Amino acid sequence: MGSDGKRGLGEASVALVLFKVYSLGDILWARLVQRCGAGGSFYTFSVPFPIPTIFSPRMQDLLLAAAYVSDAQYNRNVPFQTSPQAVRLYYFYNHWTMRVATYFFICVNLSLALFEEPALFPLPFVATSIAEVLCLAAFFARLIHFAKVTPQMVFWKDTKNICIMVTIVLTLIDLIIYGSLEAVHIHSIRWSRALRPVFLINLPESRQLRRAFRSIRNTLPDILYVFLLFLFSVLMFSLMALKLFRDRGLRTAEGAPYFTNILEIAFELYVLVTTANSPDVMMPAYNFSRWFSLYFITYVIINTYIFMSVFLAVVYNNYRKHLKNEIRKLAYLKRHKMIEAFNILKVKVGTEFVVKESTWQCLAKAVAPDISSSHLELLLRISDEGQKGYVDKVNFLRLADLLNIQVVTVSIRRHPLEAWMPRLYQSSASLLVQRVVRHRIFVWVYDIIILVNAVFIALDEENPFISYAEWLFLSLYVVEILLKLYTYEPRAYFGKKQFWNWFDVVVIIAALVASVASTTVHSARKYNSQQILDIVLILRILRLLRVIVSIQRFRVIVTTLINIGPTMLTFGGLVFVVYYAFAVIGMEMFHGKIRFFDPNFTAPDALVCGNPALKGSAFARDRYCRNNFNDLASSFVVLSELTVVNHFQLLAGGFALVTHKAAKLYFILFHIVVVILIVNIFIAFILEAFFVAYSLEKSELETAIEKKIQELGVGIQEEEVQDGKFADHMDTKDSGFSGDDGDNRRKSLKGLYCRIASKKYRTVDALLQRMFESEIAPDDEGPSLDEILNFSPSDIYPKNPNFENSA
């Protein structure tokens with residue numbers, strides 16, 4: 001233990017002697033310091049009393065550097081103050097309990113729409129208003145905490161902080177006005193409810209969601225010109241239709257005049273772009289003359305196929321451009337924060353500045369307190385390859401990336417039967433069974449069985465032969481699982497990452513239990529339980545998913561989808577925010593206008609959805625009464641139907657009949673925002689993410705950690721584990737039938753081995769960022785912080801041909 005380490009340990013011990021009541025932030029700060037002892041040794045303990053935070057500048061510098069590294073690791077961009085108190089508050093601000101509490105209040109605030117009029121579960125106004133005030137208080141407290149962490153000038157220049165404060169004030173004003181009017185029995189509108197998603201978007205925890213909204217904002221200027229040209233085209237064709245059809249006396253199928261009003265024509269032609277009213281909108285003119293079909297065909301080609309494709313092209317091009325700009329900012333901000341951390345901890349050794357090994361270990365432990373000693377030692381060997389006792393600048397800058405790479409330990413265990421009955425398990429017959437199960441032909445045979453089973457599933461269940469065949473298939477699946485458990489080590493077979501093994505066993509056992517239960521009920525009571533039969537049928541169909549595991553190309557595609565899945569949730573949040581705002585507006589405009597009645601209800605109101613204005617309309621005739629805005633859940637269903645755009649004009653027309661024709665603008669605006677803008681951005685994201693993830697799946701290079709693991713002789717490749725070459729994994733597609741070599745290798749591989757965690761859990765943003773960082777020279781410190789924050793997509797610095805090609 002070095003002298004510096006002893007001094008740090010002594011300081012922490014002296015701090016424990018002092019006794020004074022401090023805030024929770026002080027306790028968290030002190031416990032963070034306790035994680036680091038001296039000379040690379042670490043210890044953690046807790047005490048039953050608060051600990052004061054009087055530490056030396058050396059310890060404060062260490063924790064400031066840890067804050068920078070942690071920000072770089074998680075891509076946080078918070079310009080916090082560097083005073084000891086501000087850093088302590090910053091650690092507390094980023095503590096998981098604070099984030100969970102923030103998300104809890106966001107969820108409560110958004111869910112209040114379920115309990116407010118019009119409500120799915122109505123509660124008194126006093127109850128919902130108290131809950132909302134508590135949520136606003138929590139958001140304001142979070143904002144004050146953020147203000148204590150960041151410099152005052154930075155805080156007031158941050159637009160999201162202003163948005164939160166303005167939304168809180170407007171919500172309180174709306175609550176007071178609404179409550180006052182309700183007290184004197186005057187109904188008013190809760191207009192501030194549509195602003196609730198502002199808290200979800202603008203709180204610092206929602207960085208990814210804000211990035212998605214920035215993509216929309218940045219795309220708007222370029223897409224606006226295309227949209228104006230599109231509207232011009234629609235209006236031109238509307239004028240043509242007015243001149244062509246107004247004086248011909250044509251009628252629609254409902255008997256209404258055909259194309260006699262310019263606004264109605266424009267709406268019908270806008271809907272035709274979605275093809276929701278095709279060919280119905282064309283039929284009166286087409287029945288009059290075949291030549292009029294050319295008008296509609298020309299319109300569809302120009303506006304549906306050309307303009308909608310141009311929309312996607314413009315959105316995709318702008319998304320790529322702004323994505324590269326975002327990734328470039330992230331990459332340079334990470335480099336900037338790591339350089340700041342290095343400058344805080346550096347000492348001069350010879351002619352260069354370095355970070356001592358003990359300091360580096362303390363820093364890594366402070367950033368990742370749960371890291372194991374073996375993992376930490378592995379990272380140290382990578383960072384200090386020459387075992388010089390210090391880490392140079394180039395290797396120090398990789399610390400955040402090293403901590404982001406998940407290293408898992410693979411345990412190569414002996415099978416329990418090999419320990420209990422070694423002679424029987426190692427007999428010739430037993431080894432033959434194991435070789436057969438490990439061979440690729442075993443997998444192919446069961447793939448064929450599954451496909452044959454699929455044919456039987458499609459046949460008549462009442463046929464006794466089909467029923468008996470199902471029992472045969474179920475027995476074969478049970479035998480397969482038993483053989484695999486006999487061949488492979490059971491604890492590894494049911495490991496945390498073995499999703500398909502768990503899926504296999506759960507589906508087969510559930511199908512077996514359900515089949516036995518169905519047969520028992522049928523035998524005892526002479527009838528079938530429909531619920532049990534439904535479960536059995538679903539489970540039989542789910543077995544077909546097992547084919548995906550066996551076909552390599554399927555596996556690559558599924559892995560890619562899983563890879564981009566977490567980032568897709570960002571766009572799920574984006575759609576939720578837009579849905580929520582439109583749902584609240586829709587409830588204020590349309591609630592109570594359309595009502596749903598039980599199908600057995602024979603009152604006259606039931607035939608017109610509770611509103612005489614719908615009499616004779618297609619909306620009432622097709623029994624669309626349940627499509628209403630009478631509560632939040634129903635509103636979300638209507639909006640999801642509008643997103644699909646099927647019968648768009650029928651839904652919009654129904655609500656226009658019960659309110660005003662101008663109500664159609666609500667539905668047009670929803671289509672523009674969601675279908676034309678957000679869905680196209682989502683498609684652009686899927687395309688870009690799939691190209692990157694799919695290409696990287698086929699050509700992933702070894703990382704420095706993988707190389708070091710192999711050099712230390714404790715590594716196995718992920719591909720080897722996936723290919724079933726070891727006894728702890730079940731995918732045997734690449735195993736050879738000559739099992740002697742495989743058996744000998746398995747015998748020599750008992751113990752613990754390391755590998756990089758599966759690539760499918762790496763986000764697309766991380767993959768793109770790593771590709772961009774690979775183009776930055778190790779000694780390139782990049783531009784200043786102000787220049788980084790002011791990057792624009794038109795900048796060409798730095799020149800990055802590889803990234804340009806990939807993104």
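Here are some friendly questions and answers about this predicted model.

Me: How many helices does the protein hold, and how many strands?
Reply: Let's start with the whole chain, which has 807 residues. Its secondary structure consists of 38 helices and 5 strands.

Me: What percentage of the residues count as buried?
Reply: Buried means under 20% relative accessible area. Among the 807 residues of the protein, the share that counts as buried is 47%.

Me: Is the pair of phenylalanine 245 and phenylalanine 296 stacked or edge-to-face?
Reply: The structure holds 46 aromatic pairs, so let's look at one of them. A pair of aromatic rings is described by the distance of the centres and the angle of the planes. Here the centres are 6.2 Å apart and the planes meet at 15°. Planes under 30 degrees apart count as stacked, so the pair of phenylalanine 245 and phenylalanine 296 is stacked.

Me: How many residues apart in sequence are the parts that this pair ties together?
Reply: Phenylalanine 245 belongs to helix 10, residues 207–245. Phenylalanine 296 belongs to helix 13, residues 293–345, so the pair ties together parts whose separation in sequence is 51 residues.

Me: Is phenylalanine 296 buried or exposed?
Reply: The cut-off for buried is under 20% relative accessible area. Phenylalanine 296 has 2% relative accessibility, so this residue counts as buried.

Me: Which residue forms a tilted aromatic pair with phenylalanine 296?
Reply: In this pair the centres are 6.5 Å apart, with 40° between the planes. The partner lies in the loop between helix 10 and helix 11, 37 residues from phenylalanine 296. That partner is also buried, at a relative accessible area of 7%. The residue is phenylalanine 259.

Me: Which ring does arginine 626 lie over?
Reply: Arginine 626 is placed over the face of a ring, at 4.2 Å from the ring centre. That ring belongs to phenylalanine 596.

Me: Which helix gives the largest share of the nonpolar patch?
Reply: The patch covers about 790 Å² of surface, and its residues include Trp156, Ile162 and Trp191. Its largest share is 6 residues, and they come from helix 8.

Me: Is tryptophan 191 buried or partly exposed?
Reply: Tryptophan 191 is in the loop between helix 8 and helix 9. Partly exposed lies between the cut-offs of 20% and 50%. With 42% relative accessibility, tryptophan 191 therefore counts as partly exposed.

Key. Residues are numbered from 1 along each chain as its sequence is written. This is a predicted model: local features need pLDDT of at least 70, side-chain atom pairs count only at pLDDT 80 or more; totals for chains, interfaces and linings use all residues. Side-chain values use heavy atoms; hydrogens and water are left out. Rings of Phe, Tyr and Trp (its six-membered ring) pair if their centres lie within 6.5 Å; planes under 30 degrees apart count as stacked, over 60 as edge-to-face and the rest as tilted. Helices (H or I, at least four residues) and strands (E, at least two) are DSSP runs, numbered from the N terminus. Buried means under 20% relative accessible area, exposed over 50%, partly exposed in between (1.4 Å probe, protein chains only). A charge sits over a ring if NZ of Lys or CZ of Arg is within 6 Å of the ring centre and within 35 degrees of the ring normal. Patches are made of residues with over 30% relative accessible area and no salt bridge: like charges are joined within 9 Å, nonpolar side chains (Val, Leu, Ile, Met, Phe, Trp, Tyr) within 5 Å. Accessible areas come from the Shrake-Rupley method with a 1.4 Å probe; for residues, only the protein chains shown count as cover. A salt bridge is a side-chain nitrogen of Lys or Arg within 4 Å of a carboxyl oxygen of Asp or Glu.
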